[in-house]
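Grab a pencil and keep the viewer open. Below are some short exercises, each with a worked solution to check yourself against.

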Amino acid sequence: MKVLSVASEIFPLIKTGGLADVVGALPVALKPLGVDTKTLVPGYPIVMKAIRNPVVRLQFDDLLGEEATILEVDHDGVSILVLDAPAFYNRKGGPYVDAAGKDYPDNWRRFAALSLAGAEIAAGIMPGWRPDLVHAHDWQSALVSVYMRYYPTPELPSVLTIHNIAFQGQFGADVFPLLRLPAHAFSIEGLEYYGDIGFLKGGLQTAHAITTVSPSYAEEILLPEFGMGLEGLIASRIDSLHGIVNGIDPDVWNPETDPMIARNFGPNTMKNRIENRKAIIEHFGLDDDNGPIFCVVSRLTWQKGMDLLASTIEEIVAMGAKLVILGAGDAALEGALLSAAANNHGRVGMAVGYNEPMSHLMQAGCDAIIIPSRFEPCGLTQLYGLRYGCIPVVARTGGLNDTIIDANHAAVAAKVATGVQFAHVTSEGLLHAIRHTMQLFRDRKLWTQMQKQGMKSDVSWGKSAERYAALYSSLVSKGM
Ligand SMILES: Nc1ncnc2c1ncn2[C@@H]1O[C@H](COP(=O)(O)OP(=O)(O)O[C@H]2O[C@H](CO)[C@@H](O)[C@H](O)[C@H]2O)[C@@H](O)[C@H]1O
């Protein structure tokens with residue numbers, strides 16, 4: 001089976017969040033199951049710089065008014081199609097925002113072009129390769145199935161994965177004529193969304209299957225609290241909705257071989273882990289006592305509950321814990337966390353920005369990772385935590401609920417606990433969970449047993465890749 005995956009990020013070429021990890025790892029996991037994937041991504045400057053020996057596969061004279069080229073590269077066995085369209089992607093800022101952090105005003109056009117290029121490739125215009133199915137991710141590529149439905153291109157089976165329903169790609173109706181779709185695509189069955197146009201909304205209407213990244217989140221988005229206005233539409237498509245939990249790349253995230261950490265370790269060499277703890281203490285200038293070191297690796301946003309963290313830091317420190325934070329995002333949250341770190345020298349450390357090696361070292365050297373998300377479609381950092389013996393302390397929501405076994409009495413007695421969950425995502429709820437975690441930490445035997453239990457958890461893509469492959473097959477064999 002041949003699959004065209006279309007996405008705005010792919011690890012390791014370009015990553016701003018978990019989407020990139022999934023888009024990069026899933027094709028590798030699908031390959032042994034007979035699924036050959038090519039992944040179409042925008043040719044941002046960072047991508048153009050990273051690719052080696054690209055082959056020109058296709059040229060567009062007029063992709064939504066601009067010239068564009070499809071280049072193919074093989075990156076560590078993953079086949080990547082790069083949409084080289086300087087008018088859309090050759091910008092100084094990030095993939096979505098300019099250097100000042102503001103959304104590019106033409107994001108609708110930049111990602112409509114990505115989706116249209118995907119629909120054209122699906123139609124078979126690229127010599128020598130045509131997919132059997134298209135898999136789009138989030139709003140940035142959600143128009144692929146809209147173009148396939150309304151454009152004069154034949155329609156292939158399609159899957160749309162929601163990684164985060166909070167980002168919907170909603171734009172004014174004035175841009176509709178510029179998308180080159182027929183007038184009837186501006187309808188309730190198509191792109192129209194409360195008088196505007198909605199990229200994700202259009203994709204949810206037209207994709208043959210909708211997936212999201214955990215079973216719990218698939219249920220949550222049927223509720224107004226989590227559906228962000230799309231719950232009614234999703235409910236109308238419930239027969240086509242699937243919750244498939246994310247896995248992680250076991251080679252990139254392997255404490256036994258990870259080159260980004262101070263010392264490798266595994267379940268049988270846990271004592272080596274201490275070298276990573278020492279590296280964290282040194283890097284952040286923390287007090288060298290025996291209390292637990294908590295970490296946070298996160299976008300600094302409301303979704304991730306970072307305001308709750310900021311408001312409880314003094315109490316966390318007063319309990320005797322240490323905390324290190326790696327993150328970037330909301331400027332006010334960044335400021336609040338930085339000043340908490342400055343006020344608690346030796347107890348709280350903060351690294352601002354995006355730092356992949358530091359994210360690995362934190363998982364390897366800290367004792368627990370705090371994830372106080374208000375909603376979390378899947379979450380990947382708790383899975384890395386499991387693999388690295390960094391006990392996840394998580395809000396009971398979405399994929400956090402599906403992947404972490406709370407250390408309640410029954411789970412501890414049965415020796416199956418892998419972390420701590422808290423149901424009330426409030427300052428009190430978070431502090432209660434941290435207090436509980438510190439109690440568990442003091443019982444060294446129990447703590448080590450929980451670490452090892454986590455390290456044994458199946459966080460691979462194995463079963464989830466099988467579910468995607470089965471879904472693809474069912475759509476292709478049905479002819480949709
Ligand atoms: N400052 C920093 N430096 C280095 N690395 C950093 C970093 N901040 C974050 N990261 C990394 O970025 C990734 C974040 O992934 P998540 O799954 O936690 O969230 P995200 O909200 O981006 O993804 C959305 O999509 C994913 C994928 O489906 C879902 O798991 C998730 O719930 C959903 O919100 C992790 O690999 C993490 O290590």
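The exercises below use a predicted model, and each solution goes step by step.

**Exercise 1: the annotated stretch**

Task: Find which residues the UniProt annotation "domain: Glycosyl transferase family" covers, then work out how much of that stretch is helix and how much is strand.

Solution:
- Step 1. Look up the record: according to the unreviewed UniProt entry, this annotation covers residues 288–413.
- Step 2. Look at the chain there: residues 288–413 are 44% helix and 24% strand.
- Step 3. Check the two ends of the stretch: their C-alpha atoms are 32 Å apart.

**Exercise 2: the largest nonpolar core**

Task: Work out where the largest nonpolar core lies relative to domain 1 and domain 2.

Solution:
- Step 1. Start with a general idea: in soluble globular proteins, nonpolar side chains tend to be buried together.
- Step 2. Now count: the largest nonpolar core here has 88 residues, and Ile 280 and Met 362 have the most contacts inside it.
- Step 3. Ask who supplies the residues: helix α17 (residues 427–442) gives the most to this core, with 7 residues.
- Step 4. Bring in the domains: domain 1 (2–247 + 462–478) and domain 2 (270–456) both give residues to the core, so it lies between them.
- Step 5. Zoom in on Ile 280: leaving out residues up to four places away in sequence, Ile 280 touches Leu 286, Ile 293, Val 324, Met 358, Leu 361, Met 362, Gly 365 and Cys 366.
- Step 6. Don't stop there: a second, separate core has 80 residues, among them Val 47 and Trp 108.

**Exercise 3: placing Ile 46**

Task: Decide whether Ile 46 is buried, partly exposed or exposed, and find its contacts beyond four places in sequence.

Solution:
- Step 1. Locate the residue: Ile 46 sits in helix α2 (residues 45–50).
- Step 2. Apply the cut-offs: buried means under 20% relative accessible area and exposed means over 50%.
- Step 3. Ile 46 has 48% relative accessibility, so it counts as partly exposed.
- Step 4. List the contacts: setting aside neighbours within four places, Ile 46 is in contact with Leu 13 and Ile 14.
- Step 5. Compare chain and space: Ile 46 and Ile 14 are 32 residues apart along the chain, while their C-alpha atoms are separated by 7.0 Å.

**Exercise 4: salt bridges**

Task: The structure holds 17 salt bridges. Pick out the one between Arg 57 and Glu 72 and say what parts this pair ties together.

Solution:
- Step 1. Check the distance: the Arg 57 and Glu 72 side chains meet at 2.4 Å, N to O.
- Step 2. Find the strands: Arg 57 is in β3 (residues 55–63) and Glu 72 is in β4 (residues 66–75), so the pair ties together parts that are 15 residues apart in sequence.
- Step 3. Check the surroundings: both Arg 57 and Glu 72 are buried.
- Step 4. Try another pair: Lys 463 and Asp 458 form a salt bridge at 3.7 Å, N to O. Lys 463 counts as exposed because its relative accessibility is 60%.
- Step 5. Look for a network: salt bridges with shared partners join Asp 287, Asp 289, Lys 322 and Arg 347.

**Exercise 5: a helix length check**

Task: Test whether the length of helix α18 (residues 444–456) agrees with 1.5 Å a residue.

Solution:
- Step 1. The 13 residues of α18 should span 18 Å.
- Step 2. The end C-alpha atoms of α18 are 18 Å apart, which agrees.
- Step 3. Now see what α18 packs against: its buried residues, including Leu 446 and Trp 447, pack against β16, α14, β17, α16 and α17.

Technical notes
Residues numbered from 1 in each chain as written. Predicted model: local features only at pLDDT ≥ 70, side-chain atom pairs only at ≥ 80, totals over all residues. Heavy atoms only, no water. UniProt positions renumbered as here; feature names shortened; annotations may be inferred. Helix = DSSP H or I, 4+ residues; strand = E, 2+ residues; numbered from the N terminus. Core = buried A, V, L, I, M, F, W, Y, C linked by side-chain atoms within 4.5 Å. Buried < 20%, exposed > 50% of the residue type's maximum accessible area, 1.4 Å probe, protein only. Domains from an automatic or database assignment. Contact = heavy atoms within 4.5 Å. Salt bridge = Lys/Arg side-chain N within 4 Å of Asp/Glu carboxyl O. Expected span 1.5 Å × (residues − 1).
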